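Please find below a colleague's note on the structure. The points are set out by topic and may be read alongside the sequence.

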Amino acid sequence: MPEIDGYSLVFPVVSGVLHPNGVDLNIKTLIGTSFYIGQGFYLTAGHVIQNALEYDITALGITKSNTPWNAIKIEAYEIHEGIDIAVFRANHEASKAYPWDRNIVGGLIDISAAGYPHGLDTVSGSIFIRGFK
């Protein structure tokens with residue numbers, strides 16, 4: 001299996017206002033985390049998109065390791081309130097979907113999971129990925 005790069009699998013959902021230059025996004029808050037599921041679609045919690053709608057612009061945070069963050073505006077979304085799931089579309093061709101493992105996990109096997117891996121430094125306005133090995 002190829003090495004997993006968190007920057008192309010897990011994406012922050014950010015909100016903010018348009019910079020006075022009319023092009024860039026001034027990120028005001030980090031709302032949540034999303035995962036690419038294929039064909040330009042991303043999966044997140046429904047409340048993430050609902051909370052993001054309080055701002056002028058909702059976007060997908062994009063970067064590569066050791067490069068500045070950019071934002072790609074979320075084009076469309078659908079919220080399924082009963083199960084707190086949202087699907088949205090954003091045009092970012094470098095996203096990758098994590099390969100699913102169809103093997104059945106046996107009982108009494110340790111499994112680790114982590115959520116909300118993104119952090120926002122409000123002083124510098126930079127986003128970072130928290131993690132451990």
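The numbered points that follow cover the overall fold, the surface and contacts, and the pairing of the N-terminal strands.

1. The coordinates under review are those of a predicted model. The secondary structure consists of nine strands and one helix. Their order along the sequence is β-β-β-α-β-β-β-β-β-β, so three strands precede the helix and six follow, as the DSSP runs are numbered from the N terminus.

2. Of the 133 residues in the protein, 33% are buried. The accessible surface amounts to about 9200 Å², and carbon and sulfur atoms contribute 53% of that area.

3. Among contacts with a separation of 6 or more, 54% link residues that lie 24 or more positions apart.

4. Strand S1 comprises residues 10–18 and strand S2 residues 25–38. The two strands run antiparallel and are joined by nine bridges. Within this pairing, Pro 12 has Thr 33 of S2 as its bridge partner.

5. The hairpin of S1 and S2 has six residues between the strands. In this hairpin, Gly 22 adopts a positive phi near 80°.

6. S2 also pairs with strand S3, residues 41–45, again in the antiparallel sense and over three bridges. Here Tyr 36 is matched with Tyr 42 of S3 as its bridge partner.

7. Two residues separate the strands in the hairpin of S2 and S3. Which residue of this hairpin takes a positive phi near 55°? It is Gln 39.

8. To summarise the strand pairing, S2 is joined antiparallel to S1 by nine bridges and to S3 by three.

Methods:
Residues numbered from 1 in each chain as written. Predicted model: local features only at pLDDT ≥ 70, side-chain atom pairs only at ≥ 80, totals over all residues. Heavy atoms only, no water. Helix = DSSP H or I, 4+ residues; strand = E, 2+ residues; numbered from the N terminus. Buried < 20%, exposed > 50% of the residue type's maximum accessible area, 1.4 Å probe, protein only. Contact = heavy atoms within 4.5 Å. Areas by Shrake-Rupley, 256 points an atom, 1.4 Å probe, with all protein chains shown as cover. Pairing = 2+ DSSP bridges.
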